[in-house]
Amino acid sequence: MTTAAAPPRVPEAIHRRRWAILCTLVLALLVVVLDNSILNVAMKTIASPAPTGLGASQSDLEWSINSYTLVFAGLLFTAGLLGDRFGRKRALLAGMVVFGIASLLSSLAASPGELIGYRALMGVGGALAMPATLAIIMNVFERAEQPKAIGIWAGAVGLAIAIGPITGGLLIEHFWWGSVFLINVPIVVVALIAMVLLVPESKDPNPGRLDPVGVLLSIIGLVALIFGIIKGGELADFTSPEAWAPMLVGVVALVAFVWFERRTAHPALDVTWFRNKVFSASVVVVGVVFFALMGVSFFGVFYIQSVRGYSALQAGVLMLPLAVAQLLFAPRARLVVDRFGVRATCAGGMALIAIGFLGYLLLDVDTPIWVLVVLGLLMGSGMAHVMPPVTVAIMGSLPREKAGAGSAINNTFRQVGGSLGVAVLGAVLSTVYRDGMAEQLDKLPTEALREKAGESLEATLAVAGKLGPQGAGLIGPANASFVDAMHVVAGLSAGVTAVGALLAWFLLPGRVAAGGPGGAPGGPTAVREERPVDAAKQSGSTEPARSTEAAGA
């Protein structure tokens, strides 16, 4: 028995250039994600006195990163809604313009305060652009090709995270600190030209009335929650009022947001989406995996550079295996899903990541560096089999006209999970390290030196350098204490990831239907989509049959 294939939803002209559109979106994604990983390499230079740097303090450096994170995370959901309502292409173009201008201003910053402000502006641009990239993918690819396209999208994120340190290292070695921001400008210009020429406009045809109260509550809740998390990580003490008070404000605001959205006639977010087990389980898995992964990113750089003595550029090269594995396997994850299902693929990927974390327990101050390379390949392979399937599950469980909101929720959970990972695991790392160094720090001549040296491994090495031969005895114990602390954090990360694997196994579906809310008009029972040439001929038209919403794509 033969069944008629679902009619294609994407206009033929757009379908023909879909891969060129994807390349353009990946370019936008690269420049937004690349920026933060590049900046990490430039931190030491920016802290140097003028004219080499800006003479930024440790607090200035932290807020040059945190100002971006706060604005980016706080506006992600709102930006996704704006894209759905006013046009995703418009949101993408606006985001790239703002990001490019803010990058230029950051490269010319004359003080740490200016840099922090311009970085916040970059966060506005990133928040507008990021949800639009995934939402546009959902509107230019047919359902059957979406897993492959999302796999490439996810692989690009991993690539950007890994090549950032390499790019930053090369720029710092040959140019001034501002070049890590200026490099964004020509990429943005090229991306904008390609977007204007290639990317189609799409939006929600029936967005309903605006929901200013819901939008405001979401911004307050997310910004306050992220601020409290960041502050707790900085202080290594989440019991401090500076940490728990804003976190409490954030939680209260988000609870009020959910309460209001359930009762308003025109909600910004349809909270009933979370009743869908596939959707809710997928966003939780995204948050869990980034919680754990950002932890390893946090301590991995210090292990490679401070304990092992590799340069920033060499550290970037050693991070490449993780990115290469993602880039190779993420676009092919759909083949594993086709064979074994979403549940087994994601749970297996999480298990690989957990094994990778356990592998960090093997690392010592003189472990062969190839062990780190193998662990990177293992964890990158695991990520490649988690992120694409859960992203497809999230986007596929929502109506296609809500793609911007779905993308924003996906990115918001990733950002909140990552921020929690850096803050919580970073605080654990600092506490265990400081406790391990207590006996050595007591031998320092002044309280000020003891306080300073106990902040971090970098701070201990800096104090040891200032003390000369007297401080040489600190270096060995400092490296050993850091490795011990790294083992504790790696063990915690493995445990968190194992919980994520269990969540994936018990909550994710064995299979995701080809149709569904975001798929073909037939809903969950719709047959697998193909591109039948005869569809138009049967209707007597010269164009294939299209759904009303797709015509606006």
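**Surface.** I began with the accessible surface of the chain, which comes to about 22,400 Å² in this predicted model. Carbon and sulfur atoms hold 68% of that area.

**Whole chain.** Next I looked up the secondary structure and found 22 helices and zero strands. I also checked burial: of the 553 residues, 53% count as buried. Then I turned to contacts with a separation of 6 or more, and 82% of them join residues 24 or more positions apart.

**H385.** Where does H385 lie? I found H385 in the loop between α15 (370-384) and α16 (387-396). Is H385 buried or exposed? Its relative accessible area is 14%, so H385 is buried, the cut-off being under 20%. I then listed what H385 touches, leaving out residues up to four places away in sequence: F329, A333, V336, T345, C346 and G349. I noted one link to the backbone as well: the side chain of H385 reaches the backbone oxygen of S381 at 2.8 Å.

**F175.** My second loop residue was F175, placed between α6 (146-174) and α7 (179-182). With a relative accessible area of 53%, F175 is exposed, because exposed means over 50%. Which residues form a nonpolar patch on the surface with F175? I wrote down L104, L108, W176 and L182 as its partners there. Together with F175, these residues have about 500 Å² of accessible area.

**Side by side.** I closed the page with my two loop residues: H385 is buried, whereas F175 is exposed.

Methods. Residues numbered from 1 in each chain as written. Predicted model: local features only at pLDDT ≥ 70, side-chain atom pairs only at ≥ 80, totals over all residues. Heavy atoms only, no water. Helix = DSSP H or I, 4+ residues; strand = E, 2+ residues; numbered from the N terminus. Buried < 20%, exposed > 50% of the residue type's maximum accessible area, 1.4 Å probe, protein only. Polar contact = N/O pair within 3.5 Å; in protein donor to acceptor, adjacent residues only side chain to side chain. Contact = heavy atoms within 4.5 Å. Patch = residues over 30% accessible without salt bridge, like charges linked within 9 Å, V, L, I, M, F, W, Y side chains within 5 Å. Areas by Shrake-Rupley, 256 points an atom, 1.4 Å probe, with all protein chains shown as cover. Salt bridge = Lys/Arg side-chain N within 4 Å of Asp/Glu carboxyl O.
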